[in-house]
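Please open the model in a viewer and keep the selection panel at hand. The stops below proceed from one selection to the next, with a short account of what is found at each.

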Amino acid sequence: MDLRKLCITKTDDQHCPVPNQLMHSSDGQGYSPSAPGSYSHQMPAKVPPHQSSGQFNYGSSQIASQLNNYQGPGQILSRVAPPSGSPVQQVGSAPQVLPPVPPNSAAGSSAGSFGAGPPGLSSWPYGQAPASHPAGSPTSHVAHMAGTAPTQPPSSLPGNTNPPGSYQFAASPGGPPLQNSYMKPAPAPRPVTQPLPPVHPPRPPLGPPPVSGPPLIRPSTLPAAAPPNSSVPQALLNSAASREGDAASTASDGSMVQNSYDAIEGGGLMATTHPSAATPNVNMSRNVGYSYPNLPPGYQNTSPPGAPGLQAPALQYPDGSKPFHQPPLGPNHLTASMGTLSLQQEGLRPVNLLQERNILPTTILQAPVPNLHEDIQKLNCNPELFRCTLTNIPQTQTLLNKAKLPLGLLLHPFKDLSQLPVVTSSTIVRCRSCRTYINPFVSFLDQRRWKCNLCYRVNDVPEEFMYNPVTRAYGEPHKRPEVQNATIEFMAPSEYMLRPPQPPVYLFVFDVSHNAIETGYLNTVCKTLLDNLDLLPGNTRTKIGFITFDSTIHFYSLQEGLSQPQMLIVSDIEDVFIPMPENLLVNLNENRELIQDLLKTLPQMFTKSLETQSALGPALQAAFKLMSPTGGRISVFQTQLPSLGMGALKSREEPNQRSTAKDIHLTPSTDFYKKLALDCSGQQVAVDLFLLSGQYSDLASLGCISRYSAGSVYYYQSYHHKHNPVQVEKLQKELKRYLTRKIGFEAVMRIRCTKGLSIHTFHGNFFVRSTDLLSLPNVNPDAGYAVQMAVEESLTDMQVVSFQSALLYTSSKGERRIRVHTMCLPVVATLSDVYSGADVQAITGLLANMAVDRSVSASLSDARDALVNAVIDSLSAYRASVLSVQQPGLMAPRSLRLFPLYVLALLKQKAFQTGTSARLDERIFTMCQVKNQPLVYLMLMMHPNLYRVDNLTDEGALNINDKTIPQPPILQLSVEKLSRDGAYLMDAGSVMFLWIGKNCGQNFISQVLGVPNYGSVPQNMTHLPELETAESIRTTTFIAWLREQRPFFPILYIVKDDSPLKSSFLQNMIEDRTESALSYYEFLLHIQQQVNK
Amino acid sequence: MPPRPAMPVFLLRQLAVGAEHLARTEENRCHLTIIAFDELKTDYKNPIDQCNTLNPLVLPEYLIHAFFCVMFLCAAEWLTLGLNMPLLAYHIWRYMSRPVMSGPGLYDPTTIMNADILAYCQKEGWCKLAFYLLSFFYYLYGMIYVLVSS
């Protein structure tokens, strides 16, 4: 992986929050731009001379620990600016000024009473807060209060005092975090201090060029709307008072801890002035009246009552903004692009599905490109990482409802990337009200201010952001990597940590009952682990431990100095305790030999075991207890139904009822595993489950342990080392990937979206911590997530909306990092545009997720009906409201032409099919995969790709690493496409079938399969021999290439006409009729009938 | 229609006073529920904590309400009983169809953040608050009516 790292370090010692000083104790080296004197002329108050001499450090390819950047002699700048430095030139532009003594001390003392105080304080003098936020402004304005006539009507006093009083009701039960009180006065002064809100549109216009205008004009039209100067002292008093009250309530309900945790990513208590938790508090107070009950947190500051607040910052910048001509940058062309909304005519052209026979494209379907100006689209997020079901966002919920298509996002946030810019900076630039990270789609009003694209708040550009480390130029904030890349990773400073980054901790829990030993899995696992011990992601702090269990629990002491590992048996499974906790999880590097010893002896230790019981529940409890001080990853290997202790399960599968869609047990039978998973999640422990089982093991219940702790589930049906050798290879390969892949610890992911949109439901493996925050104890590169969205407010006056996902995690090297993806999409007003921008793969993926939920909460048949109805509804809505001329046949927009096919594929997929002998565990495993797989793999599992491989040529082949990979066309999944004299490869994601026709060319059979004739192809062939023939090389490289692209290992089955696997192969022929499901054509007729009703 | 004065005054008064108290308790719980869900929506509290506070309150509310209905039955207050029967039935249905849980309660922290469920729970809270409030005044009226007319 080639990580491009940019490091920008600014000398900022004096005002760093306390933890910061540890990291920044001395910093600043390398590049040191001259003090920008010219700017201080233009923006006198914002760049006081003594601040502008920040030192920058830029390393274009630093791979070493980022802490290095902080080394070296640093220049310590005193930020205690004398009050005299303030209103030198203009009245309204003194935000940088340090607060005069009284308010400052008040703030200081109160800030000291809670943990997050210092950061807020520290950034005050920075001026961001005061400049653009009335709430933060008190202190700074006091400075020039004397200079300006107090324009404030005295009525601002009641304005300030009233709200807290009237909102008390809301504040008391919740025990809002203390910091909120800073914000409290914020909403209050607005109505008073800005007497003219109705004059202005409730929301600022989006198109950046027009936007840059208003601030210039407004000051003149609104002379009286100056900052709430005179209200300052009261506001401050107020906030101090309410802070006290809050402190009491917080202490009483003890919610402080969670709040601060939440705030770490989303809130970012520190690095910036206002704790994010402040914003929810504002919401809270407003929500009491339930006038805006559904607004997502963080966005309310700019909702209509807050709208004047948007203008307030603008007012304060009359002078600073004048001299600037806005530099041309991406989003500026937005308006231009909107003008050329040419509606993708091709995407709109209706297709008669009944007539179009060959509807499947012969190459892999690409995601539709959002209809944005190419300059913006160029910056947009890669659709593999971030994808929306509708690339044209409907303006209103009504329009969305009319379209009958689901709106949602599909994410693959932690995907392995070959190119990922990494930024190291002491301050991460984020919107002060909604905490959005700066991204390519923000607009720069001028060089000093940027406007958030999610909440439309105007923010300051911090001083150090003015320097662009890539071009080494000053004054180009819009060319910084943060603004040029939709996917970027930040090195998070210590403010983003609740505790020091945890070491990588891996605990392996093995089932060693008789049944488990019989399968022989332990041998494979221990060997793979032994081979990959050096490749485990980690550093010198990596810890590892082992637990085995049957009816008792065995711990392994790996204490230094022991000649061999010591086994400790705990037989009290009712009340599990940890014997000598300090030696059970040991440092991998220091105790490598003992660990290797243990892994070598472990498979032999239990060969004579006759114990058939399995105490999985107590073993998990023990593992949790062992891990909870640090957090980390537990890998559980289980081979049967747990039968002892807590979490014991009973068999619920009734083989006779498999075929009926009713009464199958998709819901867990106990909440033990769910509760344990939630405990694990709270302690940053993730549990990955490897289920290697021949008989029913109630995955529906067991799977909960991984689902809510953000783990993953692996299922190897009927694993046996002798009887099922392909499974052994699969386990080996997948375990290798599992052990060596990147891993992120103690992660949280927050998804933000433009005000007006809101998150409805999340899909995936995690615990939902709040409306937009997912708790992910571990995050791995192979996990995908889906989010359902709703349009809550009309987006009429917006041309684009943005979505941002921010994943905060601790890397295996112990660094705290934030990976941010931002996607920008156009908003449309007509139904035909919505249809033309539909992304059929994403829609299918989201529907699959929703269907899994539905089958668990209601029933499988309900879910199937819902899937079919989704097609019928959307196509009839299209027919009714878009098509002007009613044509016969089944018309679909071009973008949705594959929709019925994919939904039919879903219905025939193991998770949702009926009438077959799908085992319950298998079905549930497929459902787990639907929930947890990224869209690419999910699509393959639903709708396999079929290639003809007996006539591969190098025509159109790819060339990767000197290997020529043929690219045969994709065929439709229908038996009529199969010819008896060909060989076909079906790639169904986790499994591959190579079907050999009866009259297949002799050439292929001998050159590729290495056997003389069709009859001598062995029955259970699962490998292609490596032959030196051109055909063989082509086929094997092609298969190897397909396998390489995914994190799991698909087994290749070679299928002949008479082989038992033929039925599984034919079941994947989605367009054909099976005994219980319709063929594609019949399905279309059924839909047509319903649509034309 | 107020409770019939033919009832033994003593019993009625007891009943009405008790009912008032209980109605207030239930109102409080509904109130708490609404506030709690609002907190969840506005990102205040961890859903686990929130469910842990709310779940122990569910059964008491249902039991109090059931007890109520029994008292009305004893007092032969058919109209009042009739008004309360739908809610009783709803409670029984709601508790029967609760998610798989080992403890008492209704709310599952893993699903509560789902927008549909959150909205449903909130709406349920509002409706029940309104119902309990109205019935509280109705009981009060009944009590006063009986006191005055006896």
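Strands, as the term is used on this tour, are DSSP runs of E with at least two residues, numbered from the N terminus. The model is a predicted one.

**Both chains**

Begin by colouring by chain. Chain A contains 40 helices and 35 strands. Of its 1093 residues, 66% count as buried. Among the contacts in chain A between residues at least 6 apart in sequence, 78% join residues at least 24 apart.

Next, select chain B. This chain has four helices and zero strands, and its elements follow the pattern α-α-α-α from the N terminus on. Buried residues account for 50% of the 150 residues in chain B. For contacts in chain B with a separation of 6 or more, 77% come from residues 24 or more positions apart.

**Leu808 in strand β26**

Return to chain A and select residues 800-811, which form strand β26(A). Leu808(A) has its place in this strand. Is Leu808(A) buried or exposed? Leu808(A) counts as buried because its relative accessibility is 0%, and the cut-off for that class is under 20%. Now add Thr667(A) to the selection: 141 residues separate it from Leu808(A) along the chain, and the C-alpha atoms of the two are 32 Å apart.

**Arg750 in strand β21**

Select residues 744-753 of chain A, strand β21(A), in which Arg750(A) is found. Arg750(A) is buried, with a relative accessible area of 6%. Display the side chain of Asp772(A) as well: a polar contact of 2.8 Å joins it to the side chain of Arg750(A).

**Strand β15 and its partners**

Select residues 553-557 of chain A, strand β15(A), where five of the five residues are buried. In a regular strand the side chains alternate between the two faces of the sheet. Which residues of β15(A) lie on each side? Ile553(A), Phe555(A) and Ser557(A) are on one side, while His554(A) and Tyr556(A) are on the other, and both faces are covered.

Add residues 543-549, strand β14(A), which runs antiparallel to β15(A) and is joined to it by three bridges. Within this pair, Phe549(A) has Ile553(A) as its bridge partner. The connection from β14(A) to β15(A) is a hairpin of three residues.

Then add residues 566-570, strand β16(A), which is antiparallel to β15(A) and linked to it by five bridges. Here His554(A) has Ile569(A) as its bridge partner.

**An open sheet of four strands**

Select the strands β3-β5-β25-β22 of chain A, which form an open sheet in that order with antiparallel pairing. Strands β3(A) (386-388) and β22(A) (757-763) stand at the edges; each has a single partner strand, so one side of each is left without a neighbour in the sheet. Neighbouring strands of this sheet are turned by 25 degrees against each other on average, direction ignored.

Focus on β3(A) and on β5(A), residues 408-411: three bridges join these antiparallel strands. Arg387(A) has Leu410(A) in β5(A) as its bridge partner.

**An open sheet of five strands, with a helix across it**

Select the strands β32-β29-β33-β34-β35 of chain A, an open sheet in that order with mixed pairing. Its edge strands are β32(A) (970-971) and β35(A) (1051-1055), each of which pairs on one side only. Strand β29(A), residues 945-948, pairs with β32(A) in the antiparallel sense over two bridges. Tyr947(A) has Ile970(A) in β32(A) as its bridge partner.

Add residues 1002-1009, helix α37(A), which lies across β33(A) (983-987), β34(A) (991-996) and β35(A). The helix runs at about 135 degrees to β34(A).

**Two packed helices**

For the last stop, select residues 616-627 and 672-682 of chain A, helices α26(A) and α27(A). These helices pack at an angle of about 10 degrees, with their axes 11 Å apart. The two helices are therefore roughly parallel to each other, since angles under 35 degrees count as such. On α26(A), the contact is made by Leu616(A), Gly617(A), Leu620(A), Gln621(A) and Phe624(A); on α27(A), by Phe672(A), Tyr673(A), Leu676(A), Asp679(A) and Cys680(A). These residues divide into seven nonpolar, two polar and one charged.

Technical notes:
Residues are numbered from 1 along each chain as its sequence is written. Chains are lettered from A and ligands numbered from 1 in the order in which they are written. This is a predicted model: local features need pLDDT of at least 70, side-chain atom pairs count only at pLDDT 80 or more; totals for chains, interfaces and linings use all residues. Side-chain values use heavy atoms; hydrogens and water are left out. Two strands pair if DSSP finds at least two bridges between them. Contact means heavy atoms within 4.5 Å. Axes are lines fitted to C-alpha atoms, for helices over the stretch in contact, and angles run from 0 to 180 degrees between N-to-C directions. Buried means under 20% relative accessible area, exposed over 50%, partly exposed in between (1.4 Å probe, protein chains only). A polar contact is a pair of N or O atoms within 3.5 Å; within protein, one must be able to donate a hydrogen and the other to accept it, and residues adjacent in sequence count only if both atoms are side-chain atoms. Angles under 35 degrees count as roughly parallel, over 145 as roughly antiparallel, 65 to 115 as roughly perpendicular and the rest as oblique. Ala, Val, Leu, Ile, Met, Phe, Trp, Tyr, Cys and Pro count as nonpolar, Asp, Glu, Lys and Arg as charged, and the others, Gly among them, as polar.
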